[in-house]
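Me: I am new to this structure and would be grateful for a close look at a single part of it. Please begin with one residue and build the picture outward from there.

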Amino acid sequence: MQGMSERQYAAHVGLSRGAIQKAKTAERLVLYSDGSINAAASDARRAETTDPSKIRKPPEPKLKPVPEAAVAAVGDTLREQGLAVPAVGGGTTFLQAKTANEVLKAQERRIRLQKLKGELIERARALSLVFRLAREMRDAWVIWPARAAALMAADLGVEPAAMQKVLEKHVRAHLDELAEVRPDFR
């Protein structure tokens, strides 16, 4: 046998054996005297005689659209773990997404365990505790001049009422500055 069999040529061009048999019957293939197929000559003849509009195109991969936020989250997770991050707009490979997913699962389990151990508290509770502490500190500073003015006035030899007014003025100014500070709770 000099050339390819129908089966071999079908595999070579990516068609079914039935399609090759039809092409053979329509004399669109070049055959050797023994009936085997001359692949190079047949490829050229098929290219000449095939209508370009009827050429099968490989099917487009069916990809589901992925939100940019999800891709960014995968990139952030990979970056946190010191792994390769996909280029912007370059998409994420399945392996990168799977790695990021496994890392996120591990982080979630660690956080759940820390909550169970009492090492973590809810954000709302932490904010409430910080707010209450700040209010208690403010109240303590507001009454401090009245308690400390008499002692300081005796040490310095000045009138207690004047000392209290000066201390109150400076404490209020400082508390006003602190009231303008807005922490960023991200």
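Reply:

**A residue in the first helix and its surroundings**

With a relative accessibility of 15%, E6 counts as buried, because the limit for that class is under 20% relative accessible area. The model discussed here is a predicted one. E6 belongs to helix 1, which covers residues 6–13. Leaving aside residues up to four places away in sequence, E6 touches R17, I20, Q21, K24 and I37.

Several of these partners lead to the next helix. Helix 2 spans residues 17–25, and its axis lies 9 Å from that of helix 1, with an angle of about 105° between the two as they pack. Helix 1 is therefore roughly perpendicular to helix 2, since angles of 65 to 115 degrees fall in that class. On the side of helix 1, the residues that meet helix 2 are E6, R7, Y9, A10 and V13. They face R17, I20, Q21 and K24 of helix 2. Sorted by class, this contact between helix 1 and helix 2 holds four nonpolar residues, one polar residue and four charged residues. E6 is thus one of the residues through which helix 1 meets helix 2.

Beyond helix 2, the chain enters a loop that leads to helix 3, and E27 lies in this loop. E27 has a positive phi of about 60°, although E27 is not a glycine. In contrast to the buried E6, E27 is exposed, with a relative accessible area of 62%.

Helix 3 contains E48. This residue, too, is exposed, and its relative accessible area is 66%. E48 and R28 are 20 residues apart along the chain, and their C-alpha atoms are separated by 9.3 Å.

R28 also appears in the description of a pocket. The second largest pocket is lined by 16 residues, and those nearest its centre are L15, R28, R46, T50 and K54. The space in this pocket amounts to about 430 Å³. Helix 2 and helix 3 each contribute at least two residues to the lining of the second largest pocket, with helix 3 running over residues 39–49. The lining of that pocket consists of six nonpolar, three polar and seven charged residues. Helix 2 accordingly has a part in two of the settings described: the contact with helix 1 and the lining of the second largest pocket.

A view of the whole chain places these details in context. The chain has seven helices and zero strands, and its pattern along the sequence reads α-α-α-α-α-α-α. The chain comprises 186 residues, of which 16% count as buried; E6 is one of the residues in that buried class. Considering contacts between residues at least 6 apart in sequence, 33% join residues at least 24 apart.

Notes. Residues numbered from 1 in each chain as written. Predicted model: local features only at pLDDT ≥ 70, side-chain atom pairs only at ≥ 80, totals over all residues. Heavy atoms only, no water. Helix = DSSP H or I, 4+ residues; strand = E, 2+ residues; numbered from the N terminus. Buried < 20%, exposed > 50% of the residue type's maximum accessible area, 1.4 Å probe, protein only. Contact = heavy atoms within 4.5 Å. Axes fitted to C-alpha atoms, helices over the stretch in contact; angles between N-to-C directions. Parallel < 35°, antiparallel > 145°, perpendicular 65-115°, else oblique. Nonpolar A, V, L, I, M, F, W, Y, C, P; charged D, E, K, R; others polar. 1 Å grid on protein atoms, 1.4 Å probe; cavity = no way out; pocket = protein on both sides within 12 Å on 5 of 7 lines; lining within 4 Å. Points joined across faces, edges and corners; volume = space filled by probe spheres on them.
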